[in-house]
Amino acid sequence: MSMGGENRMTREYLSEIADFIARYLSYMLGAGVHTSRVVRNSKRIGGALGVDVSVHTSQKTATLTVSGKDNGLHDTRVVDIPPFPISFEWNADLSALSWAAHDEEMSLDAIRHKFDELVSKPKMNPIFVLFMASLANASFCRLFGGDIWAMLITFTATMVGFFTRQHLTRKKVNHYIVFIASAFVASICASTALALGIDTAEIALATSVLYLVPGVPLINGVIDITDGHIQIGISRLVNAFMLIICIAIGMSVTLMLVKDSLL
Amino acid sequence: MIALDIISDGIFAAVAAMGFGAISDPPMRAFPYIAILAAAGHAARYCLMNFLGVDIVTASLVAAFIIGTGSVWCGRKVFCPMTVLYIPALLPMVPGTYAYKTVFSLIMFFQEISSPGKGAGYLQEMIYNGAVSFSVLFMLAVGATIPVFLLRERANSMTRGSRFL
């Protein structure tokens, strides 16, 4: 704004700030950042632009009010939280943006421009993620006492299961169905270990679905609860438990098919 | 031989943490620190459980505290919030086998529902495994969060002045 000084806080400017902070906050919550950080960062950006920010969040929507420091202007937004995949990169980058806004006195336009740049950075290569997840699950199998053959089977089973998950997610299938299907595919692949007569076959079967366990929402839920954001913490935990139940359903289909060789 | 066991435990935990972390799209610069934290935490838990006879819940709490404290120090180096480092590092300690056994016993309970003796056995196993999984998970998150409460100022300004923006 050109006027400078106290007069620059017009109604239009305040409304623009509210729009930007609403978007910032919905992106962060959507990418799986825990609540107290999102609230703190939003207040920090608001403070840098000369407004107070109050936020209320729930699982699927967030409400915020921005108010001018001493001119009595208010503006409120209710935003939907978009279901982005979890991104620690956005978490780190957008947090750094809030500090940059605070320390370097960036203008609203500059912050907005930087924000768009940060959220349009390319994501990690899905094939690299597929490979890493399979390797991780194979190491997990080893930690639980599986031998080298069980590790190989877990590696392959995870690869097939994770590919199923990526493919179905890209097709925008309901995420509960994605979890049930991927758990079934991974565990049925791992159950070949039973047929091959490997000593630690049961460990391979048990670890094959663990790449699906929603570890991030589970830990975020407990963090939110310890931070006092109890309602959203419980929502996150319930959400994660629903996904775990889906994993269990997918896996129990396999267990029903092969249980005679397990006992 | 003992040293070899501890080191291999740490290495496999590091690989698991990086791989499971990769699913959640962390910044590339965070990977080495995620690996170090996961290896230190998991190896510490391995030692506590196998050599000092500590139970899995307390051992997880201590390991998570080590990871949380480490992430205060590492976070500043790569300008990442603590959660970006410690959540992936905790993932290999999420009690997967206990969770699996909880579900498995539940399914077996349904299968044996008509024979009360066997069914009750499975139900008992389900509660046992469920209690362990929930407590370990809770302690992991709490242990890693304690340093945030102790060092609030420092913990909340990890990304200040980031070189990577």
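1. In this predicted model, a reader may start at Gly32(A), which lies just after helix H1 of chain A and takes a positive phi of about 80°.

2. The helix that precedes this glycine, H1(A), covers residues 11-30, and its length can be checked: at 1.5 Å a residue its 20 residues should span 28 Å, and because the C-alpha atoms at its ends are 28 Å apart, the expectation and the model agree.

3. Which residues of H1(A) are buried? They are Leu14(A), Ile17(A), Ala18(A), Ile21(A), Ala22(A), Tyr24(A), Leu25(A), Ser26(A), Tyr27(A), Met28(A), Leu29(A) and Gly30(A). The cover over these buried residues includes, from chain A, the helices H2, H3 and H4 (108-119) together with the strands S1 (51-57), S2 (61-68) and S3 (74-80).

4. Turning to the interface, 46 residues of chain A are in contact with 44 residues of chain B. On the side of chain A that touches chain B, at least two residues each come from H2 (35-49), H3 (88-104), H5 (126-143), H9 (201-207), H10 (215-226) and H11 (230-262), and H3(A) gives the most, with 11 residues. By character, the residues on this side of chain A divide into 30 nonpolar, nine polar and seven charged.

5. The largest nonpolar core holds 137 residues, of which Ala17(B), Leu85(B) and Leu90(B) touch the most other members. Leaving aside residues up to four places away in sequence, Leu90(B) touches Ala64(B), Ile67(B), Leu140(B) and Ala144(B), as well as Ile219(A) from chain A. As background, nonpolar side chains tend to be buried together in soluble globular proteins.

How values were computed. Residues are numbered from 1 along each chain as its sequence is written. Chains are lettered from A and ligands numbered from 1 in the order in which they are written. This is a predicted model: local features need pLDDT of at least 70, side-chain atom pairs count only at pLDDT 80 or more; totals for chains, interfaces and linings use all residues. A nonpolar core is a set of buried Ala, Val, Leu, Ile, Met, Phe, Trp, Tyr and Cys residues joined through C-beta atoms within 7 Å. A residue is buried if 20 or more other C-beta atoms lie within 10 Å of its own, exposed if 12 or fewer, and partly exposed in between; C-beta atoms are placed from the backbone. Two residues are in contact if their C-beta atoms, placed from the backbone, lie within 7 Å. Helices (H or I, at least four residues) and strands (E, at least two) are DSSP runs, numbered from the N terminus. Ala, Val, Leu, Ile, Met, Phe, Trp, Tyr, Cys and Pro count as nonpolar, Asp, Glu, Lys and Arg as charged, and the others, Gly among them, as polar. The expected span of a helix is 1.5 Å times one less than its number of residues.
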